[in-house]
Amino acid sequence: MSAYELRKNALVKAATGEKREIEYPRKADGKPKYPSEIYGENVFTLKTMAKALPKPIFSSFLKQRRGRQNLDKTTADSIAHAVRVWAMDRGATHYTHWFQPQTGATAEKHDAFLSLITSFTPGGEEVTPIDQFSGSQLLQSEPDASSFPSGGMRTTFEARGYTIWDTSSSMFVQRGPNGTSILYIPSVFISYNGDALDEKTGLLRSNEVLSRAASELVNLLEPEAHVAHVYTTLGTEQEFFLVDRTMYALRPDLKITGRTLVGQLPPRHQQLEDHYFGRIPSRVMRTISELELECLRLGIPIKTRHNEVAPAQFEVAPIFEEASVAVDHNLLTMDVLHKVAHRHNLRVLYHEKPFKGVNGSGKHCNWAVATDRGENLLDPTVRPETNFRFLLFLLAVLRALQEHAPLLRVAISSSSNEHRLGAQEAPPGIISAFLGDQLNEVLNAIEEDRPLKNFSVPQFQSIKVGGTVLDVKVAALPHIARDLTDRNRTSPFAFTGNKFEFRAVGSKQSPSFPVTVLNCAVTAAITEIIGELRAQMGSKSYPSDEDKLAVIRKFITLTKPVRFEGDNYSAEWVAEAARRGLPNIRSAPEAFTYLVKDKHLKMLTTETGIFSRGELLSRYHILNERYAKDVIIEAETLKSIVGQQILPAALEYRRSLAESAAALKAVGVESGPEVDVLNELAPLVALLQSEHKKLGKAVAKLVDEETEDSNAHAQAAYDSVAPAIASVREAADALEAAVADKFWPLPKYTELLLTI
């Protein structure tokens, strides 16, 4: 069967194939269950654990969870027995320590609950099968550390590593094959020497140091608060594309690299601005609805679903949770969506730029800090100008951006996100913060020691951060509350009422490292502010309002360069950022170098203690190695597609034209049109052949000249191979427009983007 026939069959199957429907859970009386009744039914929650354990055992576990004591063997064995019984009652036959290696994905190895007890009797050996799960099996497992990215910290002959149960994240069961289930144990991953080899360990450490610093600042400002713990909250807006799985199977570039390496835009894509918040296609609606049901059972609070800007692009977003739990839930959501999409004959694409020319996908991370009393420390309240606690935490975030913006750029850098940053609604490589007119006025007024400006409608009724009232001027419509700020979709780091939205994070990456870096930078800034406050207040027990204002004014002035309210896409901002001294990091390999510069390395190691020097250097090498490998894989894939599919198709089309022209000429019929097409086709084929050869030479040179300097290798990939890939693509796309559709070997953008 020809490639053309395969494409057409895929189109027919997409239009007429069987539609999957599932039955929503119902109560005994036949009425649908409320979502709250389904929520967390497959999660071994604290409430479930409390019911299953004796009170002293459960109390001992809570003390361990709060860091007050180690988990003893009796407690571990009791929890292991309880969770095994609970999981097996739900069909579990296996368990797995579920962890986050530095691959951008999760990892798991399944072990059975089944054990054998062997005894010897006079009649011979006797084997008794039992179901067993011990406390030691719950607490840790042993994967091969040398088979995961380690940046040189582990080698093949140093293979031992450990996964350790993260008690702050609840265990859960997921559906397995043939009606069975699997017990998942959220875990961290360390080497034999105790070095972090994963994404989660650093995040948990950063949460702890931020909590200590933030608690100290709150208690210094408000002695009566007695805050013992501060935690970060996170909400991840997950964007993705869904394409027909049969079409996907016919695109080697999507299967191997996650993005299309060739392809022309259809005549209509997103230019009419009609897809965003439009009607969700029925097959997609069924898919996302099933995803939401699965997530409800797993205790993942999906709140929002909608079409995104590009055709075939969508978003789901959860209710905010504690940061490490939110990260677990985001990665679990991605995994569940992958499985659910498969059931609906769809394929989910998490690559940041799977299709050239339309919007890419991000993972907007909405970040805030809150006390153990439930108070959001980034809530401006009604009068932010007198809310010194809010102002100091706001300034701590701005100071973190000012001092360590390059680290945030490192945290979002990859070969895939590089295609998205700075274009199609993705923020550029310059890290700045958007606060909005009202907060900017508050900061400027305090800095200049003047009264706040009063704005009249239609701007503002007053500087009242709780929002203002808008009259829509339609009698049948109610007055509505206006938010504190407008939305600046070009800002990489925007204040959105009571949180910051880190918009530059890539859709397929784990949020762990970006949030870890942000936590560390804010911790360093809070520590600096505490030092300034203590110096300002001198021998006093607590700072006065004048002391607080003096420190606030100082940091308002210091952080002013990082505040920007305009268009981050504009050329004027690039020039203005340079005048302000803000770094403009244009590539991932350039960004990686900042991870090991003294200022940032010192903050991440000695000042906050989140990473050891070895762990940080390991991550530096992993990032560079991954970048170079990604580019090489893309180059080799494109070489194969062009050499084995596109060029042969073009040559076959050319032969068909030539034979047609010759046949027409033989019978005395004018063959001018065929000859004209042949003449147009010839230089396009020649150009693609030429660029194809250049790409082959560039990637061969990169592979042959690999050095121990991982950053130099990544930079060479960026400088030589990435441009060669782009040149081949440009030539191939021009050829696609010239070759007759029946000869083209790959599903086109029209079929991929508009067939769901």
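I counted salt bridges before anything else, and the structure holds 46 of them. I note that this is a predicted model.

**Arg389 and Glu222**

I looked up the pair Arg389 and Glu222, whose side chains meet in a salt bridge at 3.5 Å, N to O. Arg389 lies in helix H12, and Glu222 sits in the loop between helix H7 (200-221) and strand E10 (230-244), so the salt bridge ties together parts that are 167 residues apart in sequence. I checked the accessibility of the two residues and found both Arg389 and Glu222 buried.

**Arg251 and Asp253**

I then went to Arg251 and Asp253, where the side chains form a salt bridge of 2.6 Å, N to O. Arg251 has a relative accessible area of 1% and is buried. Asp253 is at 0% relative accessibility and also counts as buried.

**Arg450 and Glu441**

For Arg450 and Glu441, I found a salt bridge with the closest N and O atoms 2.8 Å apart. Arg450 is partly exposed, at 26% relative accessibility. Glu441 is buried, with a relative accessible area of 6%; the cut-off for buried is under 20%. I also noted one network, in which salt bridges with shared partners join Arg7, Lys8, Asp741, Lys748 and Glu751.

**Arg619**

I located Arg619 in helix H19, which covers residues 613-666. Its relative accessible area is 5%, so I put Arg619 down as buried. The side chain of Arg619 makes a polar contact with the side chain of Glu199 at 3.0 Å. Leaving out residues up to four places away in sequence, I listed what Arg619 touches: Gln102, Asp198, Glu199, Phe513, Leu595 and Phe611.

**Ser416**

I found Ser416 in the loop between helix H12 (388-411) and strand E16 (433-434). Ser416 counts as buried, at 2% relative accessibility. With residues up to four places away in sequence set aside, Ser416 touches His351, Glu352 and Lys508. With Glu352 there is a polar contact, side chain to side chain, at 2.7 Å. I also checked Ser416 against Val515: the two are 99 residues apart in sequence and 19 Å apart in space, C-alpha to C-alpha.

**Val127**

My last stop was the surface, where Leu114, Leu116 and Val127 make a nonpolar patch of about 300 Å². I placed Val127 in strand E5, residues 124-131. The relative accessible area of Val127 is 42%, and I entered the residue as partly exposed. Patch members need over 30% relative accessible area, so Val127 at 42% clears that cut-off.

Notes: Residues are numbered from 1 along each chain as its sequence is written. This is a predicted model: local features need pLDDT of at least 70, side-chain atom pairs count only at pLDDT 80 or more; totals for chains, interfaces and linings use all residues. Side-chain values use heavy atoms; hydrogens and water are left out. Helices (H or I, at least four residues) and strands (E, at least two) are DSSP runs, numbered from the N terminus. Buried means under 20% relative accessible area, exposed over 50%, partly exposed in between (1.4 Å probe, protein chains only). Contact means heavy atoms within 4.5 Å. A polar contact is a pair of N or O atoms within 3.5 Å; within protein, one must be able to donate a hydrogen and the other to accept it, and residues adjacent in sequence count only if both atoms are side-chain atoms. Patches are made of residues with over 30% relative accessible area and no salt bridge: like charges are joined within 9 Å, nonpolar side chains (Val, Leu, Ile, Met, Phe, Trp, Tyr) within 5 Å. Accessible areas come from the Shrake-Rupley method with a 1.4 Å probe; for residues, only the protein chains shown count as cover. A salt bridge is a side-chain nitrogen of Lys or Arg within 4 Å of a carboxyl oxygen of Asp or Glu.
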